[in-house]
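Got the viewer open? Let's walk through this one stop at a time, selecting as we go.

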Protein chains: 2
Amino acid sequence: MIDAIRRAGHKITPQRLAIVGILAESQGHPSVEDIYEQVVEKFPTISLATVYRNIILVKSLGQVLELGFADGSNRYDGHKPYPHPHVVCVRCRKIIDPHLSSLTDMTREVSRETGFEIITHRLDFFGLCPECGSEKAEDLGEKVAGGRH
Amino acid sequence: MIDAIRRAGHKITPQRLAIVGILAESQGHPSVEDIYEQVVEKFPTISLATVYRNIILVKSLGQVLELGFADGSNRYDGHKPYPHPHVVCVRCRKIIDPHLSSLTDMTREVSRETGFEIITHRLDFFGLCPECGSEKAEDLGEKVAGGRH
DNA sequence: CTCCCTGCAAACTATTTGCACCGTC
DNA sequence: GACGGTGCAAATAGTTTGCAGGGAG
């Protein structure tokens, strides 16, 4: 990832290094805030703008997958920066990657039926993870799958 | 849809009637702006706030499906207000509903593997529709599948 | 030594909210 | 007539941008 940045002619600053490091290594699909909070530990004066700018950079290099959700929250995956399904806990916001077959078949089916040239896709499942599922549930329904902001 | 609103104890105003009418009848997955522009024709003094408030209302009654996208845009479907796949043209933003089987199988598979209790899902394909695909393509890649704003 | 990058603050955009008046029931 | 709904304007939240100084190459 660092190489990709260097190859694209961008400088390697300590802040940038820290930010892309978190993106590249984390398994947990961090949010902008998550990243910011971790980086502030090392660089107390860093600004959110710098985090945003660097995310935009690696995103433009195809080194990270951005997952925008209906409620406006964004999560990032630098570990598998290509489209793949996600399973999201609507209670604790945990995100994991399920192993799924038959998605390419589905893409072909869609392409045949609609005449679209499919470029990418997005598949998310929303529900309760085992930990949250055993607790009592209330405010779940609403803002789950759909409209951002 | 009007009945659902009345049953929930809300009044039927002319503005409300116009807004939900557009949501219920349109096949085209309109945006807030689309709805506003149509309603302004009849009610020149209507405000965006009223459109938002009424969308929130019908959404809370489960009468409309909200599709939030990575770039922050929202689209609404009052025709099929339950989760279903969409195919989105990244050029002209047209949205259509493909007919797809095997999604329920997939949900079961995810549930079994992850231990999640799946509540809902979201499946979108992004690409070029037949009309846009025949033109030349440039600024497509970036903000396609992912992070809303 | 030259730019790119950073930090700060202000700008932006989409949505939400407070408030006074209005219209449905 | 009461109370929910509307229109307006201001508030909000998340992200982006302009600018001046600082550091990587």
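Start by selecting DNA strand D and whatever protein surrounds it: you should pick up 20 residues, the closest being Tyr52(A), Thr13(B), Arg16(B), Ile46(B) and Arg53(B). "Near" here means that a heavy atom of the residue lies within 4 Å of the strand. Before you go further, keep in mind that this is a predicted model, where local features need pLDDT of at least 70, side-chain atom pairs count only at pLDDT 80 or more, and totals for chains, interfaces and linings use all residues. Residues are numbered from 1 along each chain as its sequence is written, chains are lettered from A and ligands numbered from 1 in the order written, and side-chain values use heavy atoms, with hydrogens and water left out.

Now color strand D by sugar, phosphate and base. Of its atoms within 4 Å of the protein, 69% belong to sugar or phosphate, and the rest to bases.

Zoom in on some chain B side chains next. His10(B) has a polar side-chain atom 3.2 Å from a phosphate oxygen of strand D. Thr50(B) puts a side-chain N or O atom 2.9 Å from a phosphate oxygen of that strand. At Gln15(B), a side-chain N or O atom sits 3.1 Å from a sugar or linking oxygen of strand D.

Switch to cartoon view. Helix H4 (48–60) of chain A, plus helices H2 (14–25) and H4 (48–60) of chain B, each supply at least two residues of the surface near strand D. Helices here are DSSP runs of H or I with at least four residues, strands are runs of E with at least two, and both are numbered from the N terminus.

Next, show both protein chains. Chain A can be laid on chain B with an RMSD of 0.1 Å by a turn of 180° and a shift of 0.1 Å along the axis, with the superposition done by least squares on C-alpha atoms of residues with pLDDT of at least 70 in both copies. That is the relation of a two-fold axis. To find the axis, click Leu123(A): of the chain A residues, its C-alpha comes closest, at 2.2 Å.

Last stop: the interface. Select the contacts (heavy atoms within 4.5 Å) and you get 47 residues of chain A against 47 of chain B. How many salt bridges are there between chain A and chain B? The count is zero, taking a salt bridge as a side-chain nitrogen of Lys or Arg within 4 Å of a carboxyl oxygen of Asp or Glu.

Conventions. Polar contact = N/O pair within 3.5 Å; in protein donor to acceptor, adjacent residues only side chain to side chain.
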